[in-house]
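Reader: Hello! Could you take me on a close look at one part of this model, with the cut-offs behind each term spelled out as you go?

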Amino acid sequence: GKGWLEGLARERGCENVRFLAPVRRSSLQAILARMDVCLAAIKQSSLYRFGISLTKLSDYMLAAKPIVLSSGAPGDPVSASGCGSVTAPEDPVAVADAISSLAAMSAGQREAMGARGRESLLAHYTHQALARRWLDRLEQAVARSGDR
């Protein structure tokens, strides 16, 4: 858990790693605004064979931050929008390489990457956009059933 990670960071002298107390949802965007890159990592699991829906990805995309996603799930929004890098799950070397690649970019390049994520989120993943897609598919199914 968190205590083990804090001990590991201390043991390795990681001075650039911060562990925060739990953050209220109302304060989350203010915290994310201070980040350069955001990380989301999931374990390899058959649970994700049809895709992922992580709240943190939406939070990161709304904050317009470049994302490193460690996941083997298909159809992820990071790849779809070009708002970051996707690595294989449970591969810390690949994650470190992805973070290093983002760090090597200019601030403008990282900002553009983050902006793509925010634009994609607002265009395709809001409740209104998802409801519209669902209704469109429902109308198509009804139209097809009337053709029979």
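Author: Happily; what follows is a walk around helix 3 and its surroundings.

This is a predicted model, in which local features need pLDDT of at least 70 and side-chain atom pairs count only at pLDDT 80 or more, while totals for chains, interfaces and linings use all residues. Residues are numbered from 1 along each chain as its sequence is written, and side-chain values use heavy atoms, with hydrogens and water left out.

Let us begin with the helix pair. Helices (H or I, at least four residues) and strands (E, at least two) are DSSP runs, numbered from the N terminus. Helix 2 covers residues 25-32 and helix 3 covers residues 55-62; they pack at an angle of about 50 degrees, with their axes 9 Å apart. Those axes are lines fitted to C-alpha atoms, for helices over the stretch in contact, and angles run from 0 to 180 degrees between N-to-C directions. Angles under 35 degrees count as roughly parallel, over 145 as roughly antiparallel, 65 to 115 as roughly perpendicular and the rest as oblique, and helix 2 and helix 3 are therefore oblique to each other. Their crossing is right-handed, meaning that the near helix is turned clockwise from the far one by less than a right angle.

Now for the residues that meet there, with contact meaning heavy atoms within 4.5 Å. From helix 2 come Arg25, Leu28, Gln29 and Leu32, and they meet Thr55, Asp59, Tyr60 and Leu62 of helix 3. By class, the residues of this contact are 4 nonpolar, 2 polar and 2 charged. Here Ala, Val, Leu, Ile, Met, Phe, Trp, Tyr, Cys and Pro count as nonpolar, Asp, Glu, Lys and Arg as charged, and the others, Gly among them, as polar.

Next, the inward side of helix 3. Its buried residues are Leu57, Asp59, Tyr60 and Met61, where buried means under 20% relative accessible area, exposed over 50%, and partly exposed in between (1.4 Å probe, protein chains only). These buried residues pack against helix 2, strand 1, strand 2, helix 4 (77-81) and helix 6 (107-124).

That leads to the largest nonpolar core, which has 17 residues. A nonpolar core is a set of buried Ala, Val, Leu, Ile, Met, Phe, Trp, Tyr and Cys residues joined through side-chain atoms within 4.5 Å. The residues with the most contacts inside this core are Ile52, Leu57, Ile67 and Leu69. Helix 2, strand 1 (38-41), helix 3 and strand 2 are the elements that give two or more residues to this core, and helix 3 gives the most, with 3 residues. Apart from it lies another core, of 5 residues, among them Val68, Val95, Ala98 and Leu102.

Ile67 ties back to our helix: leaving aside neighbours within four places in sequence, Ile67 is in contact with Leu57, Tyr60 and Met61, and its partners also include Cys38, Val78 and Cys83.

Finally, look at the far end. Helix 3 is followed by Ala64, which lies in the loop between helix 3 and strand 2. Ala64 has a positive phi of about 60 degrees although it is not a glycine, and at 24% relative accessibility Ala64 counts as partly exposed. At the other end of strand 2 (residues 67-70) is Ser70, which is buried, with a relative accessible area of 2%.
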